[in-house]
Amino acid sequence: MSIDYDQYFTTSEFAKVCGVTKHTLFHYDDIGILKPEIVKENGYRYYSYKQFYTFDIIAVLKGTGTPLNEIKEYIQNQNTVHFLSMLKQKQLQLVDEQKKLERMQRLLQGAIDNTNRALYINCGEPWVEECDEEYFIAVRLSKEKGEKDHVRKVYRIFDYCDEHHLEYDFPIGSIICKGSLEEGDYDPDYYCNKINEKHNGELLYIKPKGKYLIMNHKGSYESLPASYEKLKSYIAENDLHITGNAYEYELLSYLAVGDPDKYVIQIAIQI
């Protein structure tokens with residue numbers, strides 16, 4: 001019985017109707033997910049109208065983010081229970097992705113707000129402020145291991161926040177312990193990220209409620225010691241005392257400005 005090839009689609013025709021390239025169909029053929037119904041001796045491929053149903057299954061599931069290997073498995077074992085299971089699984093993944101996007105949106109908005117604020121704030125003038133308790137995810141730094149280890153610690157914070165679905169401020173902040181501060185050692189003892197709510201985990205760090213001496217430092221990281229000395233002079237001149245740690249918040253950093261002398265870093269020392 002002869003085959004009426006007019007009732008079939010060539011690869012080009014099938015690709016055009018499906019809205020994909022011929023190379024996509026070649027790939028689907030290679031991996032066995034959608035093979036042409038007829039392949040002539042000269043290599044010409046032909047697809048039947050029934051194969052639109054298979055292609056539609058592939059397109060729908062691929063649109064939900066389902067990998068091709070899972071789609072192939074489904075096509076080979078197609079049933080309603082399997083179909084519902086796949087869709088429910090993808091629905092849960094989409095909900096998780098939506099939450100990640102919402103967290104990223106809030107993170108970006110926070111960065112926008114901080115950057116806008118940094119453009120108009122006064123720098124170099126200390127003031128005293130009552131601050132509420134705040135929460136951080138923090139990692140202790142080893143000053144002996146150097147900058148390479150510090151980079152690892154930064155990403156430890158990011159990974160931890162992502163693993164525990166914590167919303168955090170960006171960029172990274174720093175904590176200098178009271179003892180280091182009093183000795184004139186202004187290198188960070190901790191890297192930290194501020195989080196919105198208290199988290200009962202191993203990396204939780206609580207900034208106590210209380211009175212803080214605050215100043216906005218404008219300049220590079222290397223010039224921070226001068227601002228700390230200015231704050232310590234203010235403390236001595238006003239008969240105040242350091243009672244806790246110092247906290248650094250980057251308001252305008254390398255992310256937003258190329259010149260380090262234009263960085264804006266807020267310093268808060270518990271007094």
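Trainee: In which strand is Gln266 found?

Mentor: Gln266 is found in strand S11. Keep in mind as we go that this is a predicted model.

Trainee: Does that strand belong to a sheet, and in what order do the strands of the open sheet run?

Mentor: The way to read a sheet is to follow who pairs with whom. Here 8 strands form an open sheet in the order S4-S9-S11-S10-S6-S7-S5-S8, with antiparallel pairing. Its edges are strand S4 (127-131) and strand S8 (204-207), each of which pairs on one side only. On average, neighbouring strands are turned by 35° against each other, ignoring direction.

Trainee: Over how many bridges do S5 and S7 pair?

Mentor: Strand S5 (residues 134-140) and strand S7 (residues 190-195) pair over 6 bridges, in the antiparallel sense. Within S5 and S7, Tyr135 stands opposite Ile195.

Trainee: Which helices lie across these strands?

Mentor: Helix H6 (residues 147-163) lies across S5 and S7, at about 135° to S5. Helix H8 (residues 224-237) lies across S4, S6, S9, S10 and S11, and runs at about 140° to S9.

Trainee: Back to Gln266: is this residue buried or exposed?

Mentor: Relative accessibility is the value to check, and the cut-off for buried is under 20%. Gln266 counts as buried because its relative accessibility is 14%.

Trainee: What does its side chain make a polar contact with?

Mentor: The side chain of Gln266 makes a polar contact with the side chain of Asn216, at 3.0 Å. Leaving aside neighbours within four places in sequence, Gln266 is also in contact with residues including Arg117, Trp127, Tyr247 and Leu251.

Definitions and conventions:
Residues are numbered from 1 along each chain as its sequence is written. This is a predicted model: local features need pLDDT of at least 70, side-chain atom pairs count only at pLDDT 80 or more; totals for chains, interfaces and linings use all residues. Side-chain values use heavy atoms; hydrogens and water are left out. Two strands pair if DSSP finds at least two bridges between them. Helices (H or I, at least four residues) and strands (E, at least two) are DSSP runs, numbered from the N terminus. Axes are lines fitted to C-alpha atoms, for helices over the stretch in contact, and angles run from 0 to 180 degrees between N-to-C directions. Contact means heavy atoms within 4.5 Å. Buried means under 20% relative accessible area, exposed over 50%, partly exposed in between (1.4 Å probe, protein chains only). A polar contact is a pair of N or O atoms within 3.5 Å; within protein, one must be able to donate a hydrogen and the other to accept it, and residues adjacent in sequence count only if both atoms are side-chain atoms.
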